[in-house]
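Thank you for making room for this on the agenda. I would like to walk you through one structure, and I will go slowly for those who have not seen it before.

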Amino acid sequence: MASKSIHLILFLAVSSLLHLIPLPSHCTDPGPLQDFCVADLESPLFINGFPCKNPSHLTSDDFFYDGLKKRGTIFDALNVNLTQVDVYAFPGLNTLGMSMNRVDFLPGGLNPPHNHPRATELSLVVEGKLFVGWVTTDYILYWKVLTAGELFVIPPGLVHFQLNVGEGRALFYASFNSQNPGITIMAEALFDSTPLIPDPVLSKAFHVNDTIIELIKSRVAALYKSSY
Ligand SMILES: *[C@@H]1O[C@H](CO)[C@@H](O)[C@H](O)[C@H]1NC(C)=O
Ligand SMILES: *[C@@H]1O[C@H](CO)[C@@H](O)[C@H](O)[C@H]1NC(C)=O
């Protein structure tokens with residue numbers, strides 16, 4: 001009897017505490033506290049997001065961006081052209097919790113395994129045929145081959161990739177629920193960081209010798225130095 005009521009008290013105490021603690025799963029951008037806050041990218045202040053430009057100096061052009069209508073023409077070593085329209089490219093997005101990318105692929109082009117630490121991604125294919133896949137924290141791969149008009153959603157922070165498996169070019173637009181989703185390319189994070197991760201860490205993690213790790217490091221460095 002006594003132990004039952006202790007459990008009940010503990011249960012009530014823990015559940016009332018849980019209501020006070022902000023849940024860590026909340027990973028979207030904070031809501032705006034005014035209609036808009038066009039980013040002043042030149043401000044010397046360091047805050048979460050960017051300070052606002054003086055609203056009385058704004059024009060319609062502050063809420064307009066036309067950089068996505070052009071087909072990418074300069075392709076990286078993996079045959080992809082990425083146009084990122086985050087808050088840095090389009091300051092009008094500041095505090096609004098959204099952004100968008102355009103990704104063009106030549107035949108065989110690969111957008112290599114990467115994640116966006118701060119956003120869910122909704123991808124809309126508008127041209128070609130793309131193999132899109134993402135991996136859960138239980139290491140299950142969910143994937144689809146998408147063609148024009150089809151959507152695939154990628155939950156926040158999960159590792160994903162897109163490979164052009166069609167005959168011609170491919171194009172998709174990705175929208176994000178963050179003004180600054182961020183991107184970490186797995187190969188670069190592991191094999192081309194500054195400074196580099198020491199070989200023994202990687203040789204143990206991948207269960208190969210240092211010679212192989214050095215080879216991968218040099219290949220990854222050459223690949224991404226030429227690309228980004
Ligand atoms: C994509 O192509 C555009 C238009 O040619 C170019 O301005 C841009 O630098 C390219 N992006 C990358 C990441 O190479
Ligand atoms: C590293 O591993 C590869 C593949 O198993 C092997 O061919 C090579 O001889 C090894 N190198 C050294 C220095 O042990």
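In the side chain of T73, an N or O atom lies 2.2 Å from an oxygen atom of ligand 1, and I should say straight away that this is a predicted model, so please hear every distance as computed from it. The side chain of N81 also takes part, with an N or O atom 2.3 Å from an oxygen atom of ligand 1, while I74 contributes through its backbone, where a polar atom is 3.4 Å from an oxygen atom of the ligand. Of the 360 Å² that ligand 1 exposes when taken alone, the protein buries 57%. If you want to find the place on the screen, look for G72, T73, I74, N81 and L82, which surround ligand 1.

Which residues, then, are around ligand 2? They are N209, T211 and I212, and in N209 a polar side-chain atom lies 2.3 Å from an oxygen atom of that ligand. Ligand 2 has 360 Å² of accessible area on its own, and the protein covers 25% of this.

Let me turn to helix α3, which spans residues 199-206 and in which D199, L202 and S203 are buried. Why do these residues end up on the same side of α3? They cover an arc of only 100° around the axis, and therefore share one side of the helix. The general background is that an α-helix has 3.6 residues a turn, so residues three or four places apart point the same way. On the face of α3 that is turned away from the buried side we find K204 and A205, which are exposed. After α3 comes H207, and the phi of H207 is positive, near 60°.

The last part of the picture is the sheet, which is open and has five strands in the order β1-β2-β9-β4-β7, paired in antiparallel fashion. Strands β1, residues 80-85, and β7, residues 151-154, stand at the edges, and because each has a single partner strand, one side of each is left without a neighbour in the sheet. From one strand to the next, the twist averages 20°.

Within that order, I would point you to the antiparallel pair formed by β2, residues 99-105, and β9, residues 170-176, which are joined by seven bridges. To orient yourselves there, take V103 and look across to β9, where F172 stands opposite.

Key
Residues are numbered from 1 along each chain as its sequence is written. Chains are lettered from A and ligands numbered from 1 in the order in which they are written. This is a predicted model: local features need pLDDT of at least 70, side-chain atom pairs count only at pLDDT 80 or more; totals for chains, interfaces and linings use all residues. Side-chain values use heavy atoms; hydrogens and water are left out. A residue is near a molecule or strand if one of its heavy atoms lies within 4 Å of it. A polar contact is a pair of N or O atoms within 3.5 Å; within protein, one must be able to donate a hydrogen and the other to accept it, and residues adjacent in sequence count only if both atoms are side-chain atoms. Accessible areas come from the Shrake-Rupley method with a 1.4 Å probe; for residues, only the protein chains shown count as cover. Buried means under 20% relative accessible area, exposed over 50%, partly exposed in between (1.4 Å probe, protein chains only). Helices (H or I, at least four residues) and strands (E, at least two) are DSSP runs, numbered from the N terminus. The arc is that of the directions from the helix axis to the C-beta atoms. Two strands pair if DSSP finds at least two bridges between them. Axes are lines fitted to C-alpha atoms, for helices over the stretch in contact, and angles run from 0 to 180 degrees between N-to-C directions.
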